[in-house]
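Student: I would like a close look at a single helix in this model, with its geometry, its buried face and its neighbours set out step by step. After that, please place the helix in the wider setting of the chain.

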Amino acid sequence: MLRIFGFLRKRHPKFLEDLKASFKFKYTYFKEILTSNNEVLAIITDIEQKLLSHEVFGMSYVRSKAIQAVFHTSRMVKNLNILSNHKYKDLNDAIEKIIDAIKTELAKRKEIPAVGWVLPYEDIDKDMVDSVGGKNARIGEIKNRLGLFVPEGFAVTTSAYQYFMEYNQLFDEINKRNMDLNPNDHRSVDAVSEEIQRLIITAQVPPDLEEAILKAFRKIETKLGESPCMALRSSAIGEDSELTFAGQYLSALNIPPQKLIPTYKYILASLYTPRAIFYRLNKGIREEDIAMSVGYLRMIESMVSGVMYSVDPSGLREDNIIINAVRGLGPYAVDGTVNPDIYVVARGDYTILESKTSPKAVQLVSDPEGGLKEISVLHDQQARPCLLSEEIQALARCALNLEEHFHSPQDIEWALDQDRRLVILQSRPLRLATYEKTGLMESYRKFSGYPILIDKGVVAYPGVGHGPAYHVSHERDLIDFPEGAILVARHSSPKFVRVMKKARAIVTDAGGITGHMASLSREFKVPTILDTRVATERIRQGIEVTVDAYSGIVYEGLVKELVQMHKKEEAYMKDTPIYKALDKISSFIVPLHLTDPRDKSFTPENCTSLHDITRYVHEMSFAEMFKISNVLSGQEGVAVKLNASLPIDLYIIDLGGGIKQGGEATKVKPDVITSIPLNAFLKGMMHPDIRWHEPRIISFRGLLSTMAHTTIRPPHHERNLGDKSYAIISDKYLNFNSRVGYHFSTIDTYCGYSINKNYINFSFKGGAADDMRRIRRVRFIAAILEKLDFTVETKEDLVYARIQKYDQATTEERLDMLGRLTLCTRQLDMLMDTESRVTWFVNAFMEGNYNFDPDFKKA
């Protein structure tokens, strides 16, 4: 074979340059394998961290990580086949199966029932949640099963939503925008939100869907004998169920007929308001599982409206019904703008236990031009209660009827129309505060020695929070809300959902426990005190406070006793739909089944995850690079000689970045070497304590063994003593093939700043002595390498060792030691005449006695 190469070199001058160029070409693909392997390992680590549920992530994260893992693993397979001349085609089948499984999982969407685009409430019941959303399903149920009065209207179904989105090709466009979404960056969420809402609002409602909506409205006109304004209310899948979505989606009141179609698009677009996005992210709701139905209800011009809970949601008074009421339309009852009247009613006999009237200076009413407007409440009405005793008790009875029908405590929005007739606007499951109450209320009390800033207010969710006070006056203040702060505001707002993951507690001047934000506080388990009247005045920006939302007290400073008593809540991503999606996708990416390259199961057919494939490719790529570098290192005319005081003729082949520019054409000195691994290796070989040029004390019996062994060995069994050694290098790569005496060693290594890329492969074979002495030298080498943290395999006179994923400094240290070991093993086999000598030589080397001097004393 060498004769053929020699012939080619003489007849074809470009042969060697072409050979070198070919190696450079393949080395590029090898480096890409290392880079992609590093990327996949980083992806696996990130996925595993996310599955600990300590961070918020969305489906865009799940998709992006899956896509990245598939890309880099596919690139590794492709590059390995290029290196090996397509030797590993079976890997293509293995990776395709895994990719197909990932694609199937990512393509799953919630199945939308095939129903009409518009359904009247007369045709709707509670089992039609997937068709009309939770809110509309319950309105239909209340109307048709309980016989309570609800406004006339109809629902535009989730099927219509899907048709609208597909008609305008919006699903793919939204997925593209979501790829730029960073849950921890408010500005990123705002930008993505604005872009997606614009896409929806500027899209066209399909003509046949528009006609179906207007036809349903005309039926209401005919029934009422007039053209009423309508209330358009969101009713998304999942809304008003186990997850409240309280205040996250848009409801538009008093919409005139000419705006019924444009407003429909605004309701759909509210799926992507910043606070709705944050809510879904924090609750782990998949984008694929959301769909919006819209309820069209005749607008009720209410005299009084409000919210009632069939049980106290704080869990402190479970036997009571809580009713909140304001004058006029209902938004002020739930958004915290006005402090409502509060009525507490006994569940058993409907006795009114408590009646708290709040001054109400303003109210909301319908604007004749459309929309709403705020007006002043007549002065003599401002301090008067909104409800009569019989109305309070009628509401309480209604609350228990709804609870009994739906088999769970209820959160109910209601109104009294101009005839003071009770109208039910919606009823949803009530989220209750849960905590260990045994002995708890006795434990939480006023603590002496700490200044009390606030000692009155209503508890929306009990708990303890400690941190710096942060005032929120405008929605823009939420952008820079710090982690672990106490949110202080004039009134409650569902917009605060954007920072509920960060806030340790919430304290407001105004707001009621029946508001949207109170529901969100319970859902996110944020200790919350509302209606303090003086929070923004007494709690100064930045001061350290402790919020006791059991007793309704805010202390200045840290109250250690309270903070220590409070049990921290567990992270809440686990068991959410997005968590489950990532967990499922991770099963195709993360598990590693192929661990031992020597095992017969280490084959492409047994790769069942992307991690398996990367492990297999990583292993095989080293083997392929060894083959290529061995061919190249045996050629002359493509290398420069190292001019150094070493007992070997070392020729260097620079692939780029391994030698300073301007070096000599045929010879280079060590000081022009810029290859990190070669410099480290040479540092060891040129260690001042290794006196390789001095004669070494040898065993006479060992010398005779060597002479006899070399005499009977066939001439082709070993290369000659003066054979050349080669180093193929780049700035961070070294492939070293060396013959020192009768033994042969190779080092293949990458050494740089990236820990996951760094590795050293080392092999050693041969010697001039008899088999037993050579085997003892192998055991000597193996013992030292194990002390240097290498994984070692031995077979007769062959030793193979590997180390990987150490930082650059440690990898350089190991290469330094290999340099020392390479020269110290020279002729050592002749000295290995007993087993005890192996241990002695190992200890001597580790102590720095590189010349194995019996009289050596460690400094």
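Tutor: Helix α8, which runs over residues 186-201, is a good place to check geometry against expectation: at 1.5 Å a residue its 16 residues should span 22 Å, and the end C-alpha atoms are indeed 22 Å apart, so the two values agree. This is a predicted model, and what follows describes that model.

The buried residues of α8 are H186, S188, V189, V192, S193, I196, Q197, L199 and I200. Viewed down the helix axis, these buried residues fall within an arc of 155 degrees, and they therefore line one face of α8. The general background is that an α-helix has 3.6 residues a turn, so residues three or four places apart point the same way. As for what that face meets, the buried residues of α8 pack against four helices, namely α6 (158-167), α7 (170-178), α10 (260-269) and α11 (274-283). The N-terminal end of α8 is capped by D185, which places a side-chain oxygen 3.0 Å from the backbone nitrogen of R187.

Two other helices can be read in the manner of α8. Helix α13, residues 389-406, has 18 residues and reaches 26 Å from its first C-alpha to its last, close to the 26 Å expected at 1.5 Å a residue. Its buried residues are E391, I392, L395, A396, C398, A399, L400, L402, E403 and F406, and the residue that follows α13 is H407, whose phi is positive, near 60 degrees. Helix α23, residues 808-824, has 17 residues and reaches 24 Å between its first and last C-alpha atoms, which is close to the 24 Å expected at 1.5 Å a residue. α23 is mostly covered, since 13 of its 17 residues are buried, and at its start a side-chain oxygen of D807 comes to within 3.3 Å of the backbone nitrogen of A809.

Helix-to-helix packing can also be described by angle and distance. Helix α3 (residues 59-83) packs with helix α18 (residues 577-586) at an angle of about 10 degrees, and their axes are 9 Å apart. That angle makes α3 roughly parallel to α18, because angles under 35 degrees count as roughly parallel. The residues that meet are M59, Y61, V62 and A66 on the α3 side, with I578, A581, L582 and I585 on the α18 side.

K65 also lies in α3, and K65 counts as buried because its relative accessible area is 16%, which is under the 20% limit. Not counting residues up to four places away in sequence, K65 touches I43, D46 and I47. S36 has its place in helix α2, residues 15-50, and S36 is buried with a relative accessible area of 0%. The side chain of S36 makes a polar contact with the side chain of H72 at 3.0 Å. Leaving aside its neighbours within four places in sequence, S36 is in contact with H72, R75 and M76.

R218, in helix α9 (residues 207-224), counts as partly exposed at 38% relative accessibility. The C-alpha atoms of R218 and P257 are separated by 9.7 Å, although these residues are 39 apart along the chain.

Two further residues deserve attention for their backbone angles. Y350 has a phi near 65 degrees, a positive value in a residue other than glycine, and Y350 lies in the loop between β8 (341-346) and β9 (352-356). At 19% relative accessibility Y350 counts as buried. F852, found in the segment after α24 (835-846), has a phi near 55 degrees, again a positive value in a residue other than glycine, and F852 counts as buried at 7% relative accessibility.

As for the wider setting, the chain has 24 helices and 30 strands, and buried residues make up 56% of its 859 residues. Among contacts between residues at least 6 apart in sequence, 67% join residues at least 24 apart. Within that setting, α8 is a helix whose buried residues line one face and pack against α6, α7, α10 and α11.

Terms used. Residues numbered from 1 in each chain as written. Predicted model: local features only at pLDDT ≥ 70, side-chain atom pairs only at ≥ 80, totals over all residues. Heavy atoms only, no water. Expected span 1.5 Å × (residues − 1). Buried < 20%, exposed > 50% of the residue type's maximum accessible area, 1.4 Å probe, protein only. Arc of directions from axis to C-beta. Contact = heavy atoms within 4.5 Å. Polar contact = N/O pair within 3.5 Å; in protein donor to acceptor, adjacent residues only side chain to side chain. Axes fitted to C-alpha atoms, helices over the stretch in contact; angles between N-to-C directions. Parallel < 35°, antiparallel > 145°, perpendicular 65-115°, else oblique.
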